[in-house]
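Here's an informal walk through the two chains you have on screen. Have a viewer open if you like to follow along.

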Amino acid sequence: MTKHKLPRIFLKDVHKAFGPKKVLQGLNLEVLSGESLVIIGGSGTGKSVMLKCILGLIHADKGTIQIDQQEVINASRTNLDAIRHKISMLFQGSALFDSLPVWENISFVLLQEKKMTRTQARAYAIEKLASVGLPAEVADLYPAELSGGMQRRVALARAIAPKPEILFFDEPTTGLDPIMGGVINELIRASVDELGATAITITHDMASAKKIADKIAMIYQGKIVWQGPAKDIEKTDNPYVQQFIHGRNQGPIKVDVK
Amino acid sequence: MISFCANIGRLFLNFLQGTGHFIVFMSQALAIGIRPPYYSRQVLKQAIDIGYFSLPVVGLTATFTGMVLALQSYTGFARFSAEGAVATVVVLSVTRELAPVLAGLMVAGRIGAAIAAELGTMRVTEQIDALSTLSTDPFQYLVMPRIIAGTLMLPLLVLVADIIGVFGGYLVSIYKLGFNPGNYLHQTLQYLKAMDVISGLVKAAVFGFCITIMGCYHGYYSQGGAQGVGSATTNAVVSSSILILIFNYLLTAVFFDK
């Protein structure tokens with residue numbers, strides 16, 4: 001096996017419970033370099049927890065999580081920092097820093113690592129704003145002064161600004177109108193292609209999944225129940241996938257309605 | 001009876017668990033926070049917030065405390081013709097006890113609450129997670145600058161409160177109670193020792209540490225949306241106020257116990 005065929009992101013038998021609630025129950029996943037994987041699944045199936053376990057923000061109870069063959073679980077602070085340096089994430093609620101103007105949000109890493117002067121960082125942020133279709137005037141506004149769609153685009157600009165090797169997107173189109181959702185999907189696809197990054201996207205939105213994904217995986221009760229090329233999602237006879245993509249009430253996925 | 005005992009036991013265990021959790025947080029904050037990188041811009045911002053913007057509230061509190069102290073001491077001492085001790089009582093009470101404790105309590109209400117609310121909101125909106133993914137340690141970027149600023153700025157605030165509080169007493173004594181200004185100032189300085197002021201400033205530094213670390217602790221572990229942030233704010237103010245009163249006694253015992 002040549003080196004580039006080794007998975008960049010590798011999860012094996014990952015478990016995570018919060019008290020009696022078991023969220024991840026033996027999750028296995030591999031993402032190859034340059035691949036864009038979309039993970040679909042209902043609410044509360046462990047999608048966001050999985051991403052946070054990969055980032056080391058949540059400590060997995062058991063299993064193996066590796067980024068470029070470096071172990072994440074029980075990694076030292078230095079190793080975890082090195083791993084996180086490769087990764088950027090777009091959070092579901094954008095998670096922009098309220099106390100900083102847009103340009104400082106975008107250039108945050110570059111400023112903290114003193115890779116640029118403040119003047120250079122501002123110019124770089126304006127360049128990144130342009131790449132997500134926002135005008136330069138937005139640079140000096142604060143996140144609270146932006147609409148939800150603009151915040152999501154700024155968050156995307158912040159995620160791509162350090163030119164990461166790996167990108168995570170947590171429900172990037174949730175809460176946006178379909179047109180803005182489409183814009184964000186295209187920007188994500190373009191950014192991933194341009195950077196040549198490996199990407200994992202979590203979404204409920206099948207239109208979004210089809211636009212972004214090379215491969216799709218479905219998670220249910222903390223396990224991957226199906227994965228395959230994006231083009232195969234409609235053809236599969238997997239009952240979980242069928243129920244989910246057609247939004248059926250009947251099927252193996254149980255929804256508690258009390 | 002059994003359920004009563006069980007409740008007492010549960011409360012005690014919760015207290016121990018909370019204390020242990022706080023000690024782990026404090027150790028982590030100090031151990032990680034003293035390592036580079038250092039965020040001097042953040043320290044300066046917090047110092048301005050805690051020091052400069054607390055001046056009006058601390059100044060007003062000190063002025064009226066000094067004034068009321070002069071008035072009350074006079075009415076009390078006049079009963080046994082000891083009015084001459086008013087100046088000494090005012091200056092010793094203000095410098096040793098009232099300025100540090102009242103400034104501490106006012107800053108706990110203003111800054112402790114603000115820190116808990118800010119960090120709590122950052123926690124529930126995933127901004128703290130975003131910081132970690134942007135290769136920035138929240139302990140270094142958020143917690144340590146607040147602790148440093150609080151520990152350094154509270155003594156300065158108390159020094160100002162000392163001066164303003166004594167001046168408040170002076171105003172009432174001269175313009176309302178008819179004391180001779182020269183005599184009053186002489187009495188004020190005659191029995192004042194450096195240790196009276198220094199003890200107040202040391203207390204202030206400890207109170208500043210307590211206020212900021214409690215605000216950071218409750219905010220950092222805030223959960224459950226707006227209600228969680230509200231609880232964090234209340235807990236931060238209550239716990240830091242209690243700590244101020246406890247440490248005030250302990251430090252007084254250390255400095256002045258015979």
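Let's begin with chain B: reading from the N terminus, its elements go α-α-α-α-α-α-α-α-α. That comes to nine helices and zero strands. Keep in mind that everything here is computed on a predicted model. The C-alpha trace of chain B spans about 65 × 55 × 35 Å along its principal axes. Of the 258 residues in chain B, 45% are buried. And if you take the contacts in chain B between residues at least 6 apart in sequence, 88% of them join residues at least 24 apart.

**Where the chains touch**

Which elements of chain A give two or more residues to the side that touches chain B? They are helix H2 (77-85), S6 and helix H4 (108-112) of chain A. In total, the contact draws 15 residues from chain A and 10 residues from chain B. Sorted by class, the chain A side has nine nonpolar, four polar and two charged residues.

**The sheet in chain A**

Chain A has an open sheet of six strands with mixed pairing, in the order S6-S7-S8-S3-S9-S10. The edges are held by strand S6 (87-90) and strand S10 (223-229) of chain A; each has a single partner strand, so one side of each is left without a neighbour in the sheet. From one strand to the next, the twist averages 15 degrees. As a reminder, strands of a sheet pair through backbone hydrogen bonds, in either a parallel or an antiparallel sense.

Here are three of the pairings, each with a pair of residues that stand opposite one another.

| Strand pair | Sense | Bridges | Opposite residues |
|---|---|---|---|
| S6(A) and S7(A) | parallel | four | Met89(A) and Phe168(A) |
| S7(A) and S8(A) | parallel | five | Phe169(A) and Thr201(A) |
| S3(A) and S8(A) | parallel | five | Ile39(A) and Ile202(A) |

S7(A) deserves a look of its own. Is it mostly covered or mostly open? Mostly covered: five of its five residues are buried. In a regular strand, side chains alternate between the two faces of the sheet. Along S7(A), Ile166(A), Phe168(A) and Asp170(A) point one way, while Leu167(A) and Phe169(A) point the other way, and all are buried. So Asp170(A) is on the list of buried residues too, in case you were scanning for charged side chains.

As for how the chain gets from S7(A) to S8(A), the two strands and helix H7 (residues 178-195) of chain A make a right-handed β-α-β unit.

**Helix H1 and the loop after it**

Helix H1 (residues 47-55) of chain A lies across S3, S6, strand S7 (166-170), S8 and strand S9 (215-220) of chain A. Its direction is at about 150 degrees to S8(A).

Between H1 and strand S4 (62-67) of chain A there is a loop, and that is where you'll find Ala60(A). Is Ala60(A) buried or exposed? It counts as buried because 25 other C-beta atoms lie within 10 Å, and the cut-off for buried is 20 or more. Leaving out residues up to four places away in sequence, Ala60(A) touches Val14(A), His15(A), Lys16(A), Cys53(A), Ile65(A) and Ile73(A). For a longer reach, try Ile9(A): it sits 51 residues from Ala60(A) along the chain, and their C-alpha atoms are separated by 15 Å.

Methods
Residues numbered from 1 in each chain as written. Chains lettered and ligands numbered in written order. Predicted model: local features only at pLDDT ≥ 70, side-chain atom pairs only at ≥ 80, totals over all residues. Pairing = 2+ DSSP bridges. Axes fitted to C-alpha atoms, helices over the stretch in contact; angles between N-to-C directions. Contact = placed C-beta atoms within 7 Å. Buried ≥ 20, exposed ≤ 12 C-beta atoms within 10 Å, placed from the backbone. Right-handed = clockwise from strand over helix to strand, strands pointing away.
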